[in-house]
Amino acid sequence: MQIIISNSSKEPIYEQITNQIKSLILAGELQEGTAVPSMRKLAKDLRISVITTKRAYEELEKEGFIYSIVGKGSFVAEQNLELMREKKLKVIEEQLIAVITNSREIGLSLDELQQLLKILYEE
Amino acid sequence: MENVVELKSVTKNFKGFSVENIDLQVKKGFVTGFIGANGAGKSTTIKMIMNLLRPDSGEVKLFGLDYTAHEKEIKERIGFVYDSNVFFEGMNLKDIKRIVAPAYKHWDDTLFYQYTDQFKLPLYKKIKTFSKGMQMKASLAIALSHHAELIIMDEPTAGLDPIFRRELLDLLQELMIDGNRTIFFSTHITTDLDRIADYIAFIQNGELVFNQSLNDVAENYALVKGGMELLDRDTEKSFVHIHRAPTGFEALTGNIKAVKNTFGDSVVIEKASLEDIMYYFKGGIHHV
């Protein structure tokens with residue numbers, strides 16, 4: 001499991017971990033039932049405190065991405081397809097908002113943007 | 001969560017200095033960093049945890065046990081790593097082992113040689129020829145060789161070069177993997193804590209200011225910067241201390257939410273380092 005952490009990022013470290021693990025799960029790189037490293041092992045590997053990985057795992061558990069079995073560790077949870085679609089849609093929405101913001105900044109019109117999207121989509 | 005160390009309203013008075021009403025819990029399986037300026041009461045507190053000093057009032061419990069009835073049992077389970085050499089300088093490690101080992105029920109010779117090997121410590125050289133880093137390692141090797149559950153270190157990284165400090169932090173993280181060990185250490189070098197500490201206990205003028213998880217510290221404390229016109233008697237209440245300059249103010253808050261409510265986007269809010277927190281709590285003035 002590859003995770004890369006930036007110490008100078010504004011995003012808290014636990015969030016960087018949760019986001020990256022989520023991406024790995026959504027991209028299918030971490031399959032259902034796969035064991036994720038224990039939070040203590042991960043803390044050591046990333047050279048960060050245990051409380052930070054603990055927080056990250058708690059968030060992932062809350063959102064249903066992983067589950068833990070006492071004494072056994074944490075595993076990737078079964079992903080509800082409907083839920084996954086919704087999650088992806090949300091990500092797409094966020095990305096589009098960024099696109100729109102950027103477009104407005106340089107005065108790109110909706111028509112022009114649509115054209116651009118069309119060309120890229122059909123490529 | 002289980003507490004390995006528990007201090008309840010612990011008070012100790014000296015002439016002209018006292019540690020007052022300390023309530024401190026150290027959680028099992030985690031690293032607690034103990035910070036505070038020189039003379040804030042760190043060593044006094046550690047000495048009371050180690051039963052080298054008796055509090056005038058209050059209660060000190062380790063592993064849920066009291067020192068009066070269980071001193072030996074408690075000491076068996078603690079490894080104490082001191083910043084300076086506590087061994088007889090003229091002896092070598094092998095001799096020291098011979099003296100120390102029988103004092104512990106759970107002494108593990110194999111483990112001792114494993115650590116001396118890992119730390120590259122010579123067994124037959126006199127301790128006084130060791131560098132500061134090696135003395136630290138020797139002290140740690142002995143603490144680890146009796147399967148200490150609680151490792152207490154007083155300024156372990158002071159005076160060590162950055163490379164060795166990192167090595168030490170790596171090693172401490174390795175020790176934490178099984179979840180049964182607890183580390184409590186005092187330090188001035190707060191960047192060490194950013195990396196490995198789970199909880200931060202902050203003491204100032206003999207009083208415990210807070211004992212919070214590193215996440216909570218990051219969520220509560222921040223540096224706030226803005227124009228002087230924003231400050232008045234009311235808005236100033238959100239801050240621990242304010243540093244004023246002709247270019248604007250910079251202040252520490254312990255309540256980020258309140259600051260966001262009061263000032264909105266008119267101020268810049270930045271992550272406060274532990275050093276920032278210590279500095280502002282001191283009132284921004286350094287007493288040497």
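Trainee: In what order do the six strands of the open sheet in chain B run, and what kind of pairing do they show?

Mentor: In this predicted model, the six strands of chain B follow the order β6-β7-β8-β3-β9-β10, and their pairing is mixed. From one strand to the next, the twist averages 15 degrees.

Trainee: What makes β6 and β10 of chain B edge strands?

Mentor: β6 (78-81) and β10 (207-213) of chain B each have a single partner strand, so one side of each is left without a neighbour in the sheet.

Trainee: How do you know that β3 and β8 of chain B are paired, and in which sense?

Mentor: Pairing requires at least two bridges between two strands, and strand β3 (residues 31-35) and strand β8 (residues 182-186) of chain B are joined in the parallel sense over four bridges. Among these residues, B:F34 has B:S186 in β8(B) as its bridge partner. The antiparallel sense is found between strand β9 (residues 199-204) of chain B and β10(B), which pair over six bridges, with B:L208 in β10(B) serving as the bridge partner of B:I203.

Trainee: Which residue in the hairpin of β9(B) and β10(B) takes a positive phi?

Mentor: That residue is B:N205, with a phi near 45 degrees, in a hairpin that has two residues between the strands.

Trainee: Why are α3(B) and α4(B) called roughly antiparallel?

Mentor: The axes of helix α3 (residues 93-100) and helix α4 (residues 109-118) of chain B cross at roughly 150 degrees and come within 12 Å. Angles over 145 degrees count as roughly antiparallel, and the two helices are therefore described in that way. Their contact is made by B:L93, B:K94 and B:K97 of α3(B) together with B:D109, B:F112, B:Y113 and B:T116 of α4(B), and by class it has three nonpolar, one polar and three charged residues.

Trainee: Why, then, are α1(A) and α3(A) called oblique?

Mentor: Helix α1 (residues 13-26) and helix α3 (residues 50-62) of chain A have axes that come within 8 Å and cross at roughly 45 degrees. Angles under 35 degrees count as roughly parallel and those from 65 to 115 as roughly perpendicular, and α1(A) and α3(A), falling in neither class, are therefore oblique to each other. The crossing is right-handed, and by class the contact has seven nonpolar, three polar and three charged residues.

Trainee: What does α3(A) touch in the sheet of chain A, and how is that sheet built?

Mentor: The sheet is open and antiparallel, with three strands in the order β1-β3-β2. β1 (35-36) and β2 (66-69) of chain A stand at its edges, each with a single partner strand. α3(A) packs on the sheet, touching β1, β2 and β3 of chain A, and its direction makes about 110 degrees with that of β2(A). β2(A) and strand β3 (residues 73-76) of chain A pair over four bridges in the antiparallel sense, and A:I66 stands opposite A:V76 in β3(A).

Trainee: How do you know that chain A and chain B are in contact, and which residues of chain A lose the most area?

Mentor: Contact means heavy atoms within 4.5 Å, and 13 residues of chain A are in contact with 20 residues of chain B. The two chains bury about 1300 Å² between them, 50% of it on carbon and sulfur atoms. In chain A, the residues losing the most area to chain B are A:R40, A:R47 and A:I51, together 49% of what that side buries.

Key: Residues are numbered from 1 along each chain as its sequence is written. Chains are lettered from A and ligands numbered from 1 in the order in which they are written. This is a predicted model: local features need pLDDT of at least 70, side-chain atom pairs count only at pLDDT 80 or more; totals for chains, interfaces and linings use all residues. Side-chain values use heavy atoms; hydrogens and water are left out. Axes are lines fitted to C-alpha atoms, for helices over the stretch in contact, and angles run from 0 to 180 degrees between N-to-C directions. A crossing is left-handed if the near helix is turned anticlockwise from the far one by less than a right angle, and right-handed if clockwise. Ala, Val, Leu, Ile, Met, Phe, Trp, Tyr, Cys and Pro count as nonpolar, Asp, Glu, Lys and Arg as charged, and the others, Gly among them, as polar. Buried area is the accessible area (1.4 Å probe) that two parts lose on being put together, summed over both.
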